[in-house]
Amino acid sequence: MDSCEASCLYGYNTVAYSGNFTCDASGAWAGEIECERVTCGSVSSLLSSNVQLTPGSSTCADGNNSCVSASVTCAPGYERASGSSTYSCDLDGQWRGGYTCRRKNCGSFIQNLDDNASHQLCTTTYYGQTCTAFCNAGYQPVSGTSSVFTCGVNGVYEGNLQCAPISCGNLTDLPEGATASCSDSSYLATCTATCEGDSVVDGNADYYCSATGEWIGGCNFACLNVSGYSEFDASYYAYVSTSVTQPEAQTVCEADDANLVSVDSLAENSFVHGLGAPNQARWLGGIVDYSGPDDYAVTWADGSSFDVSMTDMWLPGQPNGDGSCLAQGQLTNNLPNVSSLWNDVPCTTSLPFVCEKAPELSQEQCVPAYVLVYRSEGVSDPNGYRFSTAFNVAARVFALTFGSEISSAEALRDCSDQCDDLTSCKGFFLQTVATGYQCFGLYDLGTGERTSATGSSYAKSGVVITTTTTTTTTTTTTTTTTTTSTSTTSTTSTTTTTSAMVTTGSGDDGSGDTGSGDTGSGDGTTVPPTSTSGPVTSTTTPITSTSSDPTLPPTTTTTSTTTTSTSTTSTSTTTSTTAMSTTPGPTDVTDILCADAAALELFDIEYTSGNLPCASGADVRYRGAYSSFYKLGFYRSLAACVAACERTLICRNVYAWVEDGNVLCHTLLAVDSSPFPTSANSISLTRRT
């Protein structure tokens with residue numbers, strides 16, 4: 001009888017075997033063998049912590065599984081880095097595969113941030129890591145929301161920061177007799193005070209809610225009591241029948257916050273004549289300096305000027321030098337036809353008199369305690385500046401740090417208060433850092449220096465500073481009335497510096513008062529550990545201050561300057577001659593976009609379109625230029641866009657276009673760069689590898 005030995009194939013194990021197979025009488029092989037495929041055990045031991053089995057392959061984690069293959073995927077918050085997502089159980093009983101995952105990167109910018117919030121450039125950008133945002137000056141976090149954003153499982157920052165305007169509360173710090181009912185007390189809201197009873201407004205009764213949560217305004221505001229006075233043409237008059245000398249009459253008027261009446265029109269003169277007893281001579285508030293019939297001058301008690309054209313106001317033959325004080329009417333035989341005319345009489349004469357209260361409805365602002373000289377809004381503001389001495393320890397008089405529990409308004413107020421207390425402090429630099437805020441008081445403000453971080457540089461009003469630009473920007477708190485003077489500049493060789501006495505300017509809404517933290521090494525020095533109290537040093541001439549709130553609402557710019565011109569040395573040319581750029585107008589923005597794109601060292605122009613001077617005529621752009629899948633960030637200048645792309649490893653492309661006279665720009669992932677028709681004025685740029 002023939003026999004044959006059987007065995008299981010490679011990769012299979014023998015489960016049962018009856019012995020050799022034999023050929024029986026019927027001509028068939030008789031025997032039995034059972035084989036099963038080798039198993040590889042649990043695949044889990046081969047997987048890293050950020051790789052997991054798909055639901056359909058979950059049994060492959062068992063030690064006695066019979067899986068031939070297993071499908072894997074990345075854990076939440078991770079994405080594929082390399083390898084196939086399928087592991088295979090080989091015939092040798094070993095799993096084969098090498099799938100790796102990496103944490104998702106949320107990028108350097110928080111998407112969909114509250115319109116009134118900002119953040120520093122995120123440096124810890126991977127899944128599970130955090131980036132801190134903050135409310136802009138004049139705003140504070142809504143209760144229950146957090147400033148900390150976490151990079152989420154979908155590669156997008158997750159957080160709920162909401163910023164609401166700071167409230168100034170009720171306007172109660174008012175002069176005597178004043179009241180205010182404000183319908184809105186939030187940041188930048190305005191409110192006008194009124195006077196109670198028989199009082200009227202004198203000065204400017206307008207206030208606004210500042211970034212520090214305080215009502216600012218009321219320049220020279222007072223309530224003038226006009227009880228017993230008669231109104232004429234916005235002034236108020238009272239006739240006093242008691243006869244006294246003119247100096248005594250002026251004293252009586254001053255005691256009631258008034259002056260002897262000054263007359264500057266025929267109508268006013270007629271009104272004054274109609275007060276009190278008819279045809280009764282009375283004192284006016286004029287002092288007559290007489291040298292001859294046509295050679296005299298009149299000085300009014302309230303300091304107003306005399307209208308020399310009013311020659312018809314005099315009695316016949318007057319003035320004649322009989323006295324140096326001005327009266328209305330003649331002393332004797334004061335008939336109706338002459339009783340309103342003027343006469344110069346001895347000041348010791350006793351006459352009734354008329355007092356006048358002339359409230360001034362002033363619209364003038366007050367000189368701020370601080371002027372915002374430089375402001376930078378971070379990487380989105382390529383033209384940002386700061387004091388060049390912002391991080392220079394030798395120029396520092398104090399250093400303050402504030403935790404994240406302090407609002408930007410409180411940090412701003414405390415910093416200005418500290419500078420107020422030190423006569424050596426000429427200004428300060430305030431910036432936001434990851435842990436809160438930093439403020440450095442300075443006695444040397446240096447010049448202007450470019451920065452890519454967000455911060456604000458303030459100078460005390462009246463301090464002479466050397467700037468890189470002839471424009472002084474925004475202002476802050478109120479204390480005294482505005483003064484102005486002219487400004488000039490002169491040049492020596494090819495560099496110019498302007499010494500400007502900072503006095504006042506257009507209002508700052510506070511939005512740039514705090515911002516992204518700087519590295520602290522922009523001037524070649526490292527920021528040392530800061531203290532919560534100052535001063536550190538005090539070495540300069542005392543500079544006085546008048547207030548501590550550094551904000552004013554938008555107003556017309558008024559800059560008072562004194563000038564000197566100096567020639568810089570070659571070692572300081574970069575700092576002292578760099579001019580602050582201005583935003584190009586619609587007529588030249590296309591030229592500038594082309595020039596800026598051509599000058600880039602790390603980017604190549606891929607496509608151009610529209611009416612740009614550098615357009616090739618093909619009128620195409622990247623197909624994915626506007627796709628949310630590819631877009632990393634949105635900016636308002638090419639320089640800001642390029643700077644952000646250079647800082648972000650995954651950014652490979654830049655797309656810039658002109659809209660309404662402005663350059664707008666997207667940073668992009670490795671975009672679908674196939675050409676796509678467009679009529680926009682645009683440039684598509686590829687980052688060199």
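In this predicted model, Cys23 stands opposite Trp29, a residue of strand 4. The strand pair concerned is that of strand 3 (residues 21–23) and strand 4, which run antiparallel and are joined by 2 bridges. Both belong to an open sheet of 3 strands, whose order is 1-3-4 and whose pairing is antiparallel. Because strand 1 (3–4) and strand 4 (29–30) each have a single partner strand, they stand at the edges of the sheet, and one side of each is left without a neighbour there.

A second site of interest is Asp344, which is found in strand 31 (residues 342–345). Asp344 is buried yet has no salt bridge, and the nearest side chain of opposite charge, that of Arg282, is 16 Å away. The side chain of Asp344 does, however, reach backbone nitrogens, as the table sets out.

| Side chain | Backbone nitrogen | Distance |
|---|---|---|
| Asp344 | Asn320 | 3.2 Å |
| Asp344 | Gly321 | 2.8 Å |

Leaving aside neighbours within four places in sequence, Asp344 is in contact with a set of residues that includes Gln318, Pro319, Asn320, Gly321, Asp322 and Gly323, and also Val288, Trp314 and Cys325.

Helix 5 (residues 589–598) offers a further example of burial, its buried residues being Val589, Thr590, Leu593, Cys594 and Ala597. These residues lie on the same side of helix 5, because they cover an arc of only 140° around the axis. The elements against which the buried residues of helix 5 pack are helix 6 (638–647) together with strand 46 (603–609), strand 49 (653–659), strand 50 (662–668) and strand 52 (682–687).

Terms used
Residues are numbered from 1 along each chain as its sequence is written. This is a predicted model: local features need pLDDT of at least 70, side-chain atom pairs count only at pLDDT 80 or more; totals for chains, interfaces and linings use all residues. Side-chain values use heavy atoms; hydrogens and water are left out. Helices (H or I, at least four residues) and strands (E, at least two) are DSSP runs, numbered from the N terminus. Buried means under 20% relative accessible area, exposed over 50%, partly exposed in between (1.4 Å probe, protein chains only). Lys and Arg count as positive and Asp and Glu as negative; His and the chain ends are not counted. A salt bridge is a side-chain nitrogen of Lys or Arg within 4 Å of a carboxyl oxygen of Asp or Glu. A polar contact is a pair of N or O atoms within 3.5 Å; within protein, one must be able to donate a hydrogen and the other to accept it, and residues adjacent in sequence count only if both atoms are side-chain atoms. Contact means heavy atoms within 4.5 Å. The arc is that of the directions from the helix axis to the C-beta atoms. Two strands pair if DSSP finds at least two bridges between them.
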